[in-house]
Amino acid sequence: MTEVKNAKQISDVVWEIPPSYKAGMNVPARIYATKKLIEEMDSGVFEQVTNVAMLPGIVKYSYAMADAHWGYGFPIGGVAAFDLEKGVISPGGIGFDINCGMRLVRTNLRLSEVKPKIKELVDLLFRLVPTGVGVKGTVRMNQSQFEDVMRWGVKWCAENDYGWEDDVSKVEEGGFIKGADPSKVSQQASSRGISQLGTLGSGNHYCEVQVVDPARFFDAKMGKQFGLVHDDQVVVMVHCGSRGFGHQVASDYLRVFDSAMKRYSITVRDRELACAPFSSNEGADYYGAMVCAANMAFANRQVIVHRIREAFKQVFRKDPEALDMHIIYDVCHNIAKVERHKVEGGSRDVLVHRKGATRSFGPGHPDIPPAYRALGQPVIIGGSMETGSYLLLGTEKAMEETFGSTAHGSGRTMSRTAAKKQVSGRDLQQRMEKNGIYVKAATWEGLAEEAGMAYKDISEVVETMHQAGISLKVAALRPIGNIKG
Amino acid sequence: MATKGRRHSDYRFLSNIALADIAFVARGDSLQSLFESAARALTEVMVDRRTVVGRVTRRIDVRSPTVDRLLYDFLTELIVVKDVDSLLFKDFKVSIAPGRGERRLACEMRGEEIDRDRHALRNDVKAVTMHMFGVKKAGGKAGRWEATVVLDI
């Protein structure tokens, strides 16, 4: 049996680290990776995925997906499910950017129609979707309205003219997660978030105009079910989360949990793994506040999509309805949710943490919108702005093996500090333009940090998850225009 | 305001830690100067401070049970002020006093509202993480303090 970095090979793309690896591990760790990917994974992944395996009440395995890299607390690309009674909830298992996620919107435009206008379109998107440091959005609301956003997410947007009626059903959880409790959100968190609806932020967040790659339209029959009928059809992808609102909710409760752990006799290997029993008052309070942030993130992406529709309307002089600009789907990749899964021969509710990991439910699952239920859940994997992204499909095998979870992106191989030493933002912009990608960024340094060379090969990540049967390839999406914060 | 011991303060960014994020080590000859170094490092992640003019003065007060929580809370407060009031700061004067079972910090800062045309903006910091986070007395020179901070980007 092959062994790489203390992980035993279970199949071509699955590796396992047994509990004997580190004292205190409650379950084994499982890593989805080709031999090449696991050999190249940074040491932080192995340390962190096994630290997570030590948390109380963890069920089955601590997982790292093929895009895993060194994060804080959990690895990025980490998945862990916890027993509702004996298990914990951890802000570090969700991330500060609660419900950071991906949304994919289709158009009926083809590459030949969009290419001549890409600069006009990207420049207008950059004006309509605020990006960058400390930026504020254009939606003005009072505290009571903001609390409605916390409770109702996309539903609030649709009722307030920031979306279409059918947008709601095309978002994970129907556009809002039940259980939001605005009374558990601090005034500071509300103050940070109330003016940020419809803003992109910075880091790796982007809004990207993409085209279905004709050479890699793997399952055109399935693509058609999602409205992708041409092999050079233009789509728009959005990557962002709950902005300062979610960041503050996480910071607030990280402090609460850091102190509360003593009370529950919980010790962790990394303070960022601070946690509390899900059944405790602290756990319940954080869950109620975290859901508020998750719903705000759904609403944030919705307002951005509203602006994107406006931009297309102005540039192509057609109503967004006539351009068929429907949402294909919207997925969370920083979240914890109570879901029913098969565990130890039975079926029961567990708390699934996905930190840089995407839900990947198989055909027939009741949580998939009726229009897609027979097919499986659309999975959106965002790559670097140079190398493109993927639309995939969830599977029954994911339900069996990974609590219905798959990867979320390509995963970094190089730190931001290292990346900007290797390339300048201006050079990168010119290189990308030569390669047919027009990018407009809030800062040159921020652009350099997101260069494609700082990431793993997304195709290898996607191929790994496809080969494992966890999420199946539908289409590769090639970038032609991008705005980033 | 405390001024003694502010002879030397600095920070450096670390490569290859928490890859999607930004890590730094800050140092100071006193606890005050350590906090000022950390505030400068945090701000440098968001903006080139040389482009910020000190036209607005702001004071923040923070109370926390321990020194490391005080640093965590102080840096988090700076991120909050950036989002709520759109303010970025050029310089920081920190004073720290012990209280009953807590540490009290006051910081006077000079800076200005974010100006996208004039400021060389960088990354919008999401939060201070507790990964590898800690304040300690560094070995070697007497009285020298050091903190490791990983910021979520």
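Here are some worked exercises on a predicted model of two chains, A and B.

Before starting, note that residues are numbered from 1 along each chain as its sequence is written, and that chains are lettered from A and ligands numbered from 1 in the order in which they are written. In this predicted model, local features need pLDDT of at least 70, side-chain atom pairs count only at pLDDT 80 or more, and totals for chains, interfaces and linings use all residues, while side-chain values use heavy atoms, with hydrogens and water left out.

## Exercise 1: The interface

**Task.** Describe the interface of chain A and chain B, starting from its residues and area and ending with its polar links.

**Solution.**

Step 1. Begin with the residues in contact (heavy atoms within 4.5 Å). Chain A brings 45 residues and chain B brings 40 residues.

Step 2. Turn to the area. The size of an interface is often given as the accessible area lost when the parts come together. Here the two chains bury about 3,600 Å² between them, with 51% of it on carbon and sulfur atoms; buried area is the accessible area (1.4 Å probe) that two parts lose on being put together, summed over both. On the chain A side, A:W70, A:V133 and A:R255 supply 20% of the area that chain A buries against chain B, more than any other three residues.

Step 3. Look for charge pairs. A salt bridge is a side-chain nitrogen of Lys or Arg within 4 Å of a carboxyl oxygen of Asp or Glu. By that rule, six salt bridges cross the interface. One of them joins B:D73 to A:R255, with the closest N and O atoms 2.5 Å apart.

Step 4. Add the polar contacts. A polar contact is a pair of N or O atoms within 3.5 Å; within protein, one must be able to donate a hydrogen and the other to accept it, and residues adjacent in sequence count only if both atoms are side-chain atoms. The interface holds 19 residue pairs in polar contact, both residues at pLDDT 80 or more.

Step 5. Assign elements. Helices (H or I, at least four residues) and strands (E, at least two) are DSSP runs, numbered from the N terminus. In chain A, α7 (187–193), α9 (243–263), α12 (416–422) and α14 (444–449) each give two or more residues to the side that touches chain B. Of these, α9(A) gives the most, with nine residues.

## Exercise 2: One residue that reaches across

**Task.** Find out where A:E449 sits and what A:E449 touches.

**Solution.**

Step 1. Place the residue: A:E449 belongs to helix α14 of chain A.

Step 2. Check its exposure. Buried means under 20% relative accessible area, exposed over 50%, partly exposed in between (1.4 Å probe, protein chains only). At a relative accessible area of 1%, A:E449 is buried.

Step 3. List the neighbours. Not counting residues up to four places away in sequence, A:E449 touches A:R412, A:R416, A:A419, A:K420, A:A454 and B:N123.

Step 4. Pick out the polar contacts. The side chain of A:E449 meets that of A:K420 at 3.1 Å and that of B:N123 at 2.7 Å.

## Exercise 3: An enclosed strand

**Task.** Why is strand β8 (residues 145–152) of chain B described as largely enclosed, and which strands pair with β8(B)?

**Solution.**

Step 1. Count the buried residues. Eight of the eight residues of β8(B) are buried, so the strand is largely enclosed by the rest of the structure.

Step 2. Consider the faces. In a regular strand the side chains alternate between the two faces of the sheet. In β8(B), B:W145, B:A147, B:V149 and B:L151 are buried on one side, and B:E146, B:T148, B:V150 and B:D152 are buried on the other.

Step 3. Find the partners. Two strands pair if DSSP finds at least two bridges between them. Strand β2 (residues 22–28) of chain B runs antiparallel to β8(B), joined by seven bridges, and B:G28 stands opposite B:W145. Strand β7 (residues 134–137) of chain B is also antiparallel to β8(B), over four bridges, with B:G134 partnered by B:T148. Strand β6 (residues 127–128) of chain B pairs with β8(B) in the antiparallel sense over two bridges, and B:V128 has B:L151 as its bridge partner.

## Exercise 4: Two positive phi angles

**Task.** Are A:D161 and A:F403 buried or exposed?

**Solution.**

Step 1. Take A:D161, whose phi is positive, about 65°, although A:D161 is not a glycine. This residue lies in the loop between α6 (154–159) and α7 of chain A and is exposed, with a relative accessible area of 63%.

Step 2. Take A:F403, also not a glycine, with a positive phi of about 55°. A:F403 lies in the loop between α11 (396–401) and β18 (405–406) of chain A and is buried, with a relative accessible area of 1%.
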